[in-house]
Amino acid sequence: QVRLAADHQGRLTVIDHRSVSPVPRWKKYQDEHTKATKMMYAAPHRYTKQELVPLDLAPASFMRAPGEMTGMFALEVAMDELAEKCGLDPIEFRLRNEPPVDPSDQKPFSTRNLVACFTEGAKAFGWKPIDWQDWQREKNQAHDQAGEWQTGMGVASATYPHHFLFNTRARILFEGGRYKVGLQAADLGTGAWTILGQIAADALGVHVDAVDVELGHSRLPLAMLAGGSMGTYTWGSSIMVAAVKFREKYGSTPPEGASLTASGVLPKDYKNYSRHSFGAHFAEVGVSRVTGEVRVTRMLGVYAAGRIINPRTAHSQFVGGMTMGISA
């Protein structure tokens, strides 16, 4: 349940987001339905609550951010509805409610490029600011016209928190004239094999073709699980630290069998910032007046996701996430 209130200038005064989740009696798993709501928009009066209801159910666990997605979906639908009530374009309404700092803890954002995602995305997508009176007239005219399909455009914010776990270690081994990077990480098809080799090559100062990546074996140094969008940052950090220390110890011409294992590190000031990625989604949608079928005919995602290690694999991740969103 989401309740929002705004003043006559279209600035939020109240954000109220509550969720109730059924859970097994013997395993209390909770999705983060209200997490994004706590930091997404500015409002002086805020309330979030998550309740669990024990039932006779099979156990659940995380899978591709279901809690964050469903919570953001509820919030963004409510934001659209309130934008219409305020007579404001959905993008303009969101921009008016940009917080200068994280509303949940008053920390400055490490980066928050949501405004840039909306402004650049609107130009690329051909978004025209909505005048709600004109929109209503066009809607009535379209309803009177013959034809099955009615089309419209929509927009929504996107965000995901920056997670990290630094119990991860990585090993650099020089063997047979090649640099072998090993850790217990798992590639679930997200491109870890590719980008971890790139990170190692960059840190070692060699061509990526001179690096072999080995993942997933228990005999390799301990690494955290694949999840929470933590892999590149966490695994990559341990590889970078290991590579730097390897060069410091062995130089640019290491002997055969030279090996070094190291743990990743966090930036010294990471606790002083609220750390999130941001994005904007634009969609052109058709709805059948006959069957109610919905078709997404065109979609654009614009993301501020930090440093992109590999544009091709990152693009695949973005398109995959948008595809999962459409199917949901």
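These legends accompany several close-up views of a predicted model.

**Figure 1. The whole chain, as a starting point for the close-ups.**
Welcome to the overview of this predicted model. The protein has eight helices and 10 strands. Taken along the principal axes, its C-alpha atoms fill a box of roughly 80 × 45 × 40 Å. Of the 328 residues in the protein, 35% are buried.

**Figure 2. Helix H8 and its start.**
Here we look at helix H8, which runs over residues 311-327. With 17 residues at 1.5 Å a residue, H8 should span 24 Å, and its end C-alpha atoms are indeed 24 Å apart, so the expected and computed values agree. At the start of H8, look for Asn310: one of its side-chain oxygens reaches to within 3.0 Å of the backbone nitrogen of Arg312.

**Figure 3. Ala58 in its loop.**
This view takes us to the loop between strand E3 (45-55) and helix H2 (66-86), where Ala58 lies. Is Ala58 buried or exposed? Its relative accessible area is 60%, over the 50% cut-off, so Ala58 counts as exposed. Pro24 is also worth finding here: Ala58 and Pro24 are 34 residues apart in sequence, yet their C-alpha atoms are 6.1 Å apart in space.

**Figure 4. The ring pair Phe246 and Tyr250 in helix H7.**
A search of the whole structure finds nine aromatic pairs. In the pair shown here, the ring centres of Phe246 and Tyr250 are 4.9 Å apart and their planes meet at 50°, so the pair is tilted. Both residues belong to helix H7 (residues 231-250), and because they are four residues apart in that helix, about one helical turn separates them. The two partners also have their own accessibility values. Phe246 has 0% relative accessibility and so counts as buried, while Tyr250, with a relative accessible area of 21%, is partly exposed.

**Figure 5. An aromatic cluster, and charges over rings.**
Ring pairs link four residues into a cluster: Phe118, Phe125, Trp127 and Phe282. One member of this cluster, Phe125, also has a charged partner: the charged end of Arg298 sits over the Phe125 ring, 3.9 Å from its centre. Another arginine to look for is Arg112, which lies over the face of Phe109 at 4.9 Å from the ring centre.

**Figure 6. The enclosed cavity.**
How many cavities of 30 Å³ or more does a search of the whole structure find? There is one, and the largest cavity has a volume of about 30 Å³. The residues that line the largest cavity are Lys35, Ala36, Glu68, Thr159, Tyr160, Pro161 and His276. Helix H1 (35-40) and strand E4 (149-161) are the elements that give two or more residues to this lining. The largest share, three residues, comes from E4.

**Figure 7. The second largest pocket.**
Our last stop is the second largest pocket, with a volume of about 320 Å³. It is lined by 17 residues, and the closest to its centre are Lys35, Asp105, Ser274, Arg275 and His276. Which element gives the most to the lining of this pocket? H1 does, with three residues. Readers coming from the previous view will recognise Lys35 and His276, which also line the largest cavity.

Terms used
Residues numbered from 1 in each chain as written. Predicted model: local features only at pLDDT ≥ 70, side-chain atom pairs only at ≥ 80, totals over all residues. Heavy atoms only, no water. Expected span 1.5 Å × (residues − 1). Polar contact = N/O pair within 3.5 Å; in protein donor to acceptor, adjacent residues only side chain to side chain. Buried < 20%, exposed > 50% of the residue type's maximum accessible area, 1.4 Å probe, protein only. Phe/Tyr/Trp six-rings, centres within 6.5 Å; stacked < 30°, edge-to-face > 60°. Lys NZ or Arg CZ within 6 Å of the ring centre and 35° of its normal. 1 Å grid on protein atoms, 1.4 Å probe; cavity = no way out; pocket = protein on both sides within 12 Å on 5 of 7 lines; lining within 4 Å. Points joined across faces, edges and corners; volume = space filled by probe spheres on them.
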